[in-house]
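Colleague: I would like to go through this model with you, point by point. Please keep the answers short.

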Amino acid sequence: MEMTRNKAQIIKATFAIMFVAMAVSFFVKPAVKAQSDSSAQASYSTGTGLQRVIKGSEKVPNISVKAFLSNIWKNTGIYKIIHTPTASEVAAEKAEKAAEAKAEAVDPFADVIVPGWQKLFMIAIGFLIVYLAVGKGFEPLLLIPIGFGTILVNIPGAGMGEAPHGMLYIIYSAGVGNEFFPMLIFMGIGAMTDFGPLIANPKMALLGGAAQLGVFFTLFGVAMMNLIPGINVDYNMMEASAIAIIGGADGPTSIYVSGKLAPHMMAVIAVAAYSYMALVPMIQPPIMKALTTEKERKIKMEQQRPVSKTEKILFPIMLLFITILLLPPAAPLIGMLAFGNFVKQCGVVERLSKTMENELMNIVSILLSLGVGSQMTPEKIMNSKSLGIIVLGLVAFCVATAGGLIMAKIMNLFLKKKINPLIGSAGVSAVPMAARVSNKVGLEYDPSNFILMHAMGPNVSGVIGTAIAAGVFIATYGM
C-alpha cells in the first residue's frame with residue numbers, strides 16, 4: 001500500500017512539473033528571429049466560434065458522410081485495381097506529394113530562441129524520467145533512452161540535436177521522422193505476438209474495436225479546445241487526427257500518423273504517446289475499478305480452445321489480404337505486423353524470427369526512444385499547443401480504456417458465458433502492458449483468477465484496430 005502511494009505521488013509530481021512547464025508558455029513567449037511577411041501571417045485564424053477558419057486548414061476538405069465514404073472507397077485496393085488513373089489525376093497526385101514534401105522540409109521551430117533556464121528545466125525533466133524508469137520501474141526499456149535523449153539534446157553547446165552532424169539529429173532524421181523505425185517496431189511486435197487468444201475467441205475483437213472510441217472521441221475534444229478563449233491552440237483536422245491516435249496507446253502508430261498528417265507536431269505527440277504507454281499501470285486501474293463491480297472483477301473465464309498451427313499461419317496472411325483489398329493506407333503498419341508474425345508462425349526461419357523479436361527489436365527500440373527524447377526541447381514542448389496535446393492525449397487514453405470496459409459489460413448482457421470486463425481495458429494497443437495490468441487487477445480480487453491470456457485477445461486486436469484507425473485518417477486527409 002505504501003509503495004502504491006509513493007508511485008501515485010511520483011506520478012502526480014511528474015504531471016505537476018510538466019503542466020507547470022506548459023503553463024509557463026502562456027506567460028513567457030520565446031523570441032523569434034525576423035520572418036518573411038508570408039510566414040508572419042501564419043499565426044492567426046479568421047472568423048469566430050464554429051465559423052472560424054484555422055490557419056493551415058484552408059486546403060483541408062470539409063468531409064461529409066458522403067465525401068468520407070467516397071474517400072474511403074477511392075482508397076481501397078479494390079478501387080485502385082479496377083480504376084485506371086487519368087493524366088489529370090496523376091498530375092494532381094504528384095503536385096500534392098510535392099506540396100507535402102515542401103511542407104515537411106519546413107521547420108517551424110528553426111527561428112525560435114529560448115532562454116538557457118528552459119534548457120536546464122528540460123534536463124531536469126530528463127533526469128526525472130530516468131528516475132521513474134530506474135527507481136520506480138516504470139517501463140525502463142522506453143523511459144531510460146527517452147530520458148537520456150532529453151538530457152543530451154538540451155546540453156548547451158553540445159549540439160547533439162543540431163543539423164547536420166549531431167548524433168541525435170541523425171537518429172531522428174534517419175528513422176523517427178519518417179516511417180522507417182515505426183515499421184521495424186511493428187515487424188518486431190508481429191514476431192513477438194501470439195494471435196492465438198484472438199483466433200480462439202474472435203469476439204474479443206469487439207473489445208479492441210471499442211477501445212478506439214478514445215481515438216474518435218478526441219476529435220470532438222480537439223474541436224472543443226479550439227473554442228476555449230485565450231488558449232489559441234488552433235488545431236486543424238489533420239493535427240487533430242494525429243493527436244487522436246494517442247488514445248490507442250501505440251507509440252509507433254502515433255509517430256507514423258503524425259509524420260503523414262502533422263510532421264511539425266511529431267515530437268510532442270511521440271513523447272505523449274510513449275509517456276502514457278509507460279504510465280499504463282498507474283492510469284488504467286482507477287478507471288477499471290470505477291467502472292466495474294467487485295463481482296464482475298471476480299468473474300472466471302473458461303480455458304480457451306487450442307488453436308492449430310495452420311490457423312496461426314493463415315491468420316497474418318488473411319489479415320494482410322483484407323487490408324490490401326479494403327484499406328491500403330493501413331497496409332504499411334499491418335503489413336509489417338503480418339510479416340513479423342508469419343515469420344514467427346511458419347517455423348522455417350527461426351533465426352529471422354529470433355532476430356526480429358530480440359536483437360533487431362532491442363536496437364530499434366533504443367534508437368527510436370533516443371530519437372523521441374531528442375525532440376524534448378523547450379521550443380517544442382513549452383508551448384500552448386503542446387499543453388493541449390498532453391491534455392487531449394490523456395483524455396483519449398482514458399476514454400479508450402473506458403470504451404473497452406463498457407463494451408465488455410454490454411456484451412455480458414447477451415452472453416451466456418460471461419467475460420471478465422477487466423479484459424476490456426486491454427483493448428488499447430499497449431502490448432503486452434495493458435494485458436498485464438488487467439491480469440494484475442483481477443488477481444487482487446481473486447488470486448486464482450488468471451485472465452492474462454484472455455486479455456491478450458483484446459490487446460492484439462487493439463493493435464490492429466489502432467492501425468485501421470490510422471489508415472482511415474490517412475485515407476481521409478492524407479492521400
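Modeller: One note before we start. This is a predicted model, where local features need pLDDT of at least 70, side-chain atom pairs count only at pLDDT 80 or more, and totals for chains, interfaces and linings use all residues. Residues are numbered from 1 along each chain as its sequence is written, and side-chain values use heavy atoms, with hydrogens and water left out.

Colleague: Which element gives the largest share of the nonpolar patch?

Modeller: W73, I78, I81, I82, L314, M318, F321, I322 and L326 form this surface patch, with about 920 Å² of accessible area together. Patches take residues with over 30% relative accessible area and no salt bridge, joining like charges within 9 Å and nonpolar side chains (Val, Leu, Ile, Met, Phe, Trp, Tyr) within 5 Å; areas come from the Shrake-Rupley method with a 1.4 Å probe, and for residues only the protein chains shown count as cover. Two elements give two or more residues: α4 (77-82) and α18 (309-326). The largest share, 5 residues, comes from α18.

Colleague: Is F321 buried or exposed, or partly exposed?

Modeller: F321 sits in helix α18; helices (H or I, at least four residues) and strands (E, at least two) are DSSP runs numbered from the N terminus. Buried means under 20% relative accessible area, exposed over 50%, and partly exposed in between (1.4 Å probe, protein chains only). At 47% relative accessibility, F321 is therefore partly exposed.

Colleague: How many helices and strands does the chain have?

Modeller: Buried residues make up 49% of the 479 residues in the chain. Of the contacts (heavy atoms within 4.5 Å) between residues at least 6 apart in sequence, 79% join residues at least 24 apart. The count of elements is 24 helices and 2 strands.

Colleague: Which helix gives the largest share of the largest nonpolar core?

Modeller: A nonpolar core is a set of buried Ala, Val, Leu, Ile, Met, Phe, Trp, Tyr and Cys residues joined through side-chain atoms within 4.5 Å. The largest one has 118 residues, and Y235, I243, I246, I255, Y274 and I389 have the most contacts inside it. The largest share of this core, 13 residues, comes from helix α24 (residues 452-478).

Colleague: What does I246 contact beyond its neighbours within four places in sequence?

Modeller: I246 is among the residues with the most contacts inside the largest core. Its partners are S254, I269, A272, A273, Y276, I389 and G393.

Colleague: How far apart in space are T466 and V215?

Modeller: T466 is in helix α24. T466 is buried, because its relative accessible area is 0%. Leaving out residues up to four places away in sequence, T466 touches Q212, I245, G248, D250, T253 and S429. T466 and V215 are 251 residues apart in sequence, yet their C-alpha atoms are separated by 8.2 Å.

Colleague: What span should helix α6 have?

Modeller: The expected span is 1.5 Å times one less than the number of residues. Helix α6 (residues 116-135) has 20 residues, and its end C-alpha atoms are 28 Å apart, which agrees with the expected 28 Å.

Colleague: Where do the cis prolines P164 and P432 lie?

Modeller: Most peptide bonds are trans. The bond joining A163 and P164 is cis, with omega about 0°, and the bond from V431 to P432 is cis, with omega near -10°. P164 is in the loop between α7 (140-153) and α8 (167-176), and P432 is in the loop between α22 (384-412) and α23 (433-445).

Colleague: Which parts does the E179 and K260 salt bridge tie together?

Modeller: A salt bridge is a side-chain nitrogen of Lys or Arg within 4 Å of a carboxyl oxygen of Asp or Glu; a search of the whole structure finds 10. E179 and K260 form one at 3.5 Å, N to O. The pair ties together parts 81 residues apart in sequence, because E179 lies in the loop between α8 and α9 (180-192) and K260 in helix α14 (residues 251-261).

Colleague: How many residues apart in helix α20 are K354 and E350?

Modeller: Their side chains meet in a salt bridge at 3.1 Å, N to O. K354 is partly exposed, with a relative accessible area of 43%. K354 and E350 are separated by about one helical turn in helix α20 (residues 350-373), because they are 4 residues apart.
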